[in-house]
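Trainee: I have a protein model open and would like to learn how to read it. Could you walk me through some of its features?

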Amino acid sequence: MPEHPNTLTLTAPCEITAAASSGDEAPKPRRFSMTAYTGGPMTLAGWRYPVVVDLAGLNVGDSSRPIFLGHQQDVDDVVGQTDRIEIAEGQLVASGDVLGDSPRVQRVIALADKGFRWQASIGAQARKVDFVKANQSVVVNGRSFDGPLNVARQSVLGEISFVPLGADTQTSALIANQPKTQQHKELPMDFSEWLTAGGFDPDALSDEQTATLRASYDATQQGSNTAVADPPAPGTAPGTASDTDEDDDPAKRLRATAAGELRRQSRILEICGSAHQTIAAQAIEEAWDETKTELEVLRASRPSSPSPGGAMDKSPDHNVLIAAACRAAGMTDQRAIVQFGEKTIEASDRFQGIGFQEFCEIAAGRRLPRYRQDATGWLQAAFSTLSLPGILSNVAHKMLLDGFNYVEDAWRRVAKIGSVSDFKEHTRYRLTDDMKFQPVGKGGELKHGKLGEENFTQKADTHGIMFSLDRKEIINDDLGAFAAIPQVLGMGSAEAIAEAVFELLLSNPGGFFATGNKNYLEGADTALSIEALTAAELLFLEQTKPNGRPLSVAPRILFVPPALNVVASQLMNATAVNETTTTNKPKVATNPHAGKFDVVTSAYLSNAAISGGGASNKAWYLFADPNRLPAFEVAFLNGKQTPTVERADANFNTLGIQFRGYIDFGVKEQDHRGAVKVKGEA
């Protein structure tokens with residue numbers, strides 16, 4: 001069974017009403033009611049697959065339970081208390097009194113008075129969960145569901161809160177502040193505001209669509225029920241209760257009712273057509289009228305992705321979205337194809353040019369509130385899903401690595417790459433004493449070799465940075481700007497390693513390069529040339545072990561700043577070289593160093609901004625193969641050589657979207673016999 005948390009958050013509509021009072025009687029407290037769960041599948045944060053809560057196994061506990069605001073269990077956040085929590089007709093329902101009087105609760109009531117539709121968020125603990133695999137089905141709460149999904153067979157109801165918006169944006173509730181007989185004397189929103197709140201663009205609607213939505217708006221403001229009452233019998237005036245007429249024929253009433261139902265179903269099938277059979281089935285089963293059916297068809301038909309006619313019910317492959325974001329940030333198609341493959345890149349073409357908010361909506365797989373109108377609601381709804389945070393983390397990780405790989409990494413050619421298991425100081429040992437094989441003595445006795453140890457230290461530290469996309473950048477709606485941030489930070493991560501290596505090398509720690517160590521040359525005759533290269537190679541080859549015997553390690557790398565790259569390349573590639581000094585020398589017939597060393601160039605060697613004080617465009621180096629005899633070592637924690645990016649535990653309501661990137665490494669000098677430095681000047 002897949003890993004999952006044990007917490008459930010159920011979000012559903014709730015309603016606040018007022019109780020009437022008469023005379024001098026104190027006003028009764030407002031009442032609230034909520035349908036917390038309808039028995040269907042939910043997409044919950046932290047759960048890989050949808051969750052269905054088996055209501056038969058839900059322990060609701062005591063019917064008296066505090067109601068909070070936004071899951072904040074503080075006295076100022078107490079909204080009220082329930083007096084009824086039960087499972088009725090396959091649903092979890094609760095109701096009670098609004099008792100809180102803090103300023104925060106008064107704001108809840110004030111928003112309710114203006115027509116804001118609150119939702120309820122109920123937490124539960126899952127005690128037993130069954131996983132239903134793909135291609136399998138299960139019956140829960142009297143309904144059949146197809147896998148993959150999780151079924152919470154046993155769970156315990158926790159706290160209940162009012163929230164502005166939950167994970168399920170399809171749920172909503174009317175919140176009134178008058179008794180039922182007085183509801184809707186004043187409209188909480190005009191028609192234009194009602195359209196905008198519902199996610200419709202008034203300017204983009206046709207006359208027919210506007211008329212349909214107007215009818216739905218009028219019905220809502222009049223407090224009409226979505227269920228359809230039985231139609232009047234033929235010949236009866238509208239509004240006449242013919243079914244209460246004692247002289248009326250019961251069979252006649254039955255036929256009239258059946259005919260009215262048949263007309264309703266026919267009209268629903270006509271409205272839905274072949275494209276919305278699911279809506280048609282639900283409308284017939286739940287006795288919707290024409291107005292509600294047309295409204296749901298309009299919602300389902302509204303484009304929700306960049307492609308015309310796209311729908312939210314099936315989000316594109318996550319890799320496609322990640323590739324689209326990476327390309328928006330400037331990742332070249334060539335690098336993107338290597339990362340994702342040609343088919344994924346082709347599929348991402350249709351998402352080129354979309355904004356960050358639209359990208360998040362597609363990634364979340366649901367319609368989100370408009371950020372400008374409800375920033376907090378947008379963030380809560382977007383990040384209550386499991387897919388969006390994961391996709392954004394993957395985008396950040398890909399772009400971090402892309403930036404990391406852009407930076408010069410010449411240090412990898414001259415430094416050994418090691419690994420440490422923790423952040424403590426580690427000791428490195430190199431066997432350098434007399435281990436030469438000796439003749440076997442009489443009787444086959446082997447002599448003991450002399451085992452001497454030289455040690456060097458190494459220690460890793462954490463280097464990192466946090467980055468965020470704040471409210472202003474989200475409103476600017478630039479997808480490329482988001483993805484470019486981790487790319488720049490990836491470059492910063494690579495630069496941190498490179499600068500650490502070269503700051504150590506150029507600072508010459510503890511006199512690492514010194515004549516006493518037989519690994520340093522200076523003077524006017526040390527400028528890079530055949531003679532100087534010969535002298536440096538000889539100095540390297542004359543290094544000895546502590547016992548005085550030859551080291552027997554040859555240099556492999558000629559390490560130079562950019563100013564010497566051409567000269568170094570010529571020395572390694574030309575078979576004959578004509579050198580000119582104060583007096584012309586004859587053309588050298590052969591170049592003794594042709595092809596002998598690998599030329600490696602780094603701009604860090606001559607950059608004066610790198611601390612250490614040893615930057616020069618004339619100095620050059622010979623290095624041994626670092627895996628054979630390391631002069632310097634870069635050690636990574638557990639061998640992980642690339643930065644890690646993860647979603648930080650941030651306050652999304654105020655900071656926006658936040659991530660952090662970090663890498664653990666340490667740089668330390670090792671054996672001075674592994675390199676020779678040549679000053680290149682007097």
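Mentor: Happily! Let's begin with one residue: Asn508 is partly exposed, because its relative accessible area is 25%, and partly exposed lies between the buried limit of 20% and the exposed limit of 50%. Keep in mind that this is a predicted model.

Trainee: Where does Asn508 sit?

Mentor: Asn508 belongs to the loop between helix 15 and strand 16. Now for its backbone. Most residues other than glycine have a negative phi, and most peptide bonds are trans. Asn508 goes the other way, with a positive phi near 50°, and its place is just after helix 15.

Trainee: What about helix 15 itself: how many residues does it have, and how far does it reach?

Mentor: Helix 15 covers residues 479–507, which makes 29 residues. From first C-alpha to last, it reaches 42 Å, close to the 42 Å expected at 1.5 Å a residue.

Trainee: How do I apply that to helix 12, and what span should its 20 residues have?

Mentor: The expected span is 1.5 Å times one less than the number of residues. Helix 12 (residues 387–406) should therefore span 28 Å, and its end C-alpha atoms are 29 Å apart, which agrees. As for its surroundings, 14 of the 20 residues of helix 12 are buried, so it is mostly covered.

Trainee: Which residues besides Asn508 should I look at for a positive phi?

Mentor: Try Asn135, whose phi is about 70° although it is not a glycine. Asn135 is in the loop between strand 8 (119–132) and strand 9. With a relative accessible area of 81%, Asn135 counts as exposed.

Trainee: And what do strand 9 and strand 10 form?

Mentor: They form a hairpin with 2 residues between them. In its turn, Asn141 has a positive phi of about 55°. Strands of a sheet pair through backbone hydrogen bonds, either parallel or antiparallel. Here strand 9 (residues 137–140) and strand 10 (residues 143–146) pair in the antiparallel sense over 4 bridges. To see one bridge, find Val138 and its partner Phe145 in strand 10.

Trainee: Where is there a cis peptide bond?

Mentor: Look at Gly147 and Pro148: the bond joining them is cis, with omega about 5°. Pro148 lies in the loop between strand 10 and strand 11 (149–163).

Trainee: Next, sheets. In what order do the strands of the open sheet of 5 strands run?

Mentor: The order is 16-23-19-17-18, and the pairing is mixed. Strand 16 (520–521) and strand 18 (598–601) are the edge strands, each pairing on one side only.

Trainee: Which pairs are parallel and which antiparallel?

Mentor: Strand 19 (residues 620–624) and strand 23 (residues 675–678) are antiparallel, with 4 bridges; Phe623 has Ala675 of strand 23 as its bridge partner. Strand 17 and strand 19 also run antiparallel and are joined by 4 bridges, and Pro555 stands opposite Ala624 in strand 19. Strand 17 and strand 18, however, pair in the parallel sense over 4 bridges. There, Leu558 is opposite Val599 in strand 18.

Trainee: Why is strand 17 called largely enclosed?

Mentor: Because 5 of its 6 residues are buried, the rest of the structure largely encloses it.

Trainee: Which strands does helix 16 lie across?

Mentor: Helix 16 (residues 530–541) lies across strand 16, strand 17 (555–560), strand 19 and strand 23, at about 35° to strand 19. Helix 17 (residues 565–573) packs on the sheet too, touching strand 17 and strand 18, and its direction makes about 170° with that of strand 18.

Trainee: Is Ser529 buried or exposed?

Mentor: Ser529 counts as buried because its relative accessibility is 17%. You will find Ser529 in the loop between strand 16 and helix 16. Although 39 residues separate Ser529 from Ala568 in sequence, their C-alpha atoms are 8.4 Å apart in space.

Trainee: Last one: how much confidence does the model carry?

Mentor: The average pLDDT for the protein is 76, and 71% of the residues score at least 70. Over residues 223–247, pLDDT stays under 50, and the model has 22 contacts there beyond four places in sequence. Residues 303–313 also have a pLDDT below 50, with 25 contacts beyond near neighbours in sequence.

Conventions
Residues are numbered from 1 along each chain as its sequence is written. This is a predicted model: local features need pLDDT of at least 70, side-chain atom pairs count only at pLDDT 80 or more; totals for chains, interfaces and linings use all residues. Side-chain values use heavy atoms; hydrogens and water are left out. Two strands pair if DSSP finds at least two bridges between them. Contact means heavy atoms within 4.5 Å. Axes are lines fitted to C-alpha atoms, for helices over the stretch in contact, and angles run from 0 to 180 degrees between N-to-C directions. pLDDT is the predictor's confidence in each residue, from 0 to 100. Buried means under 20% relative accessible area, exposed over 50%, partly exposed in between (1.4 Å probe, protein chains only).
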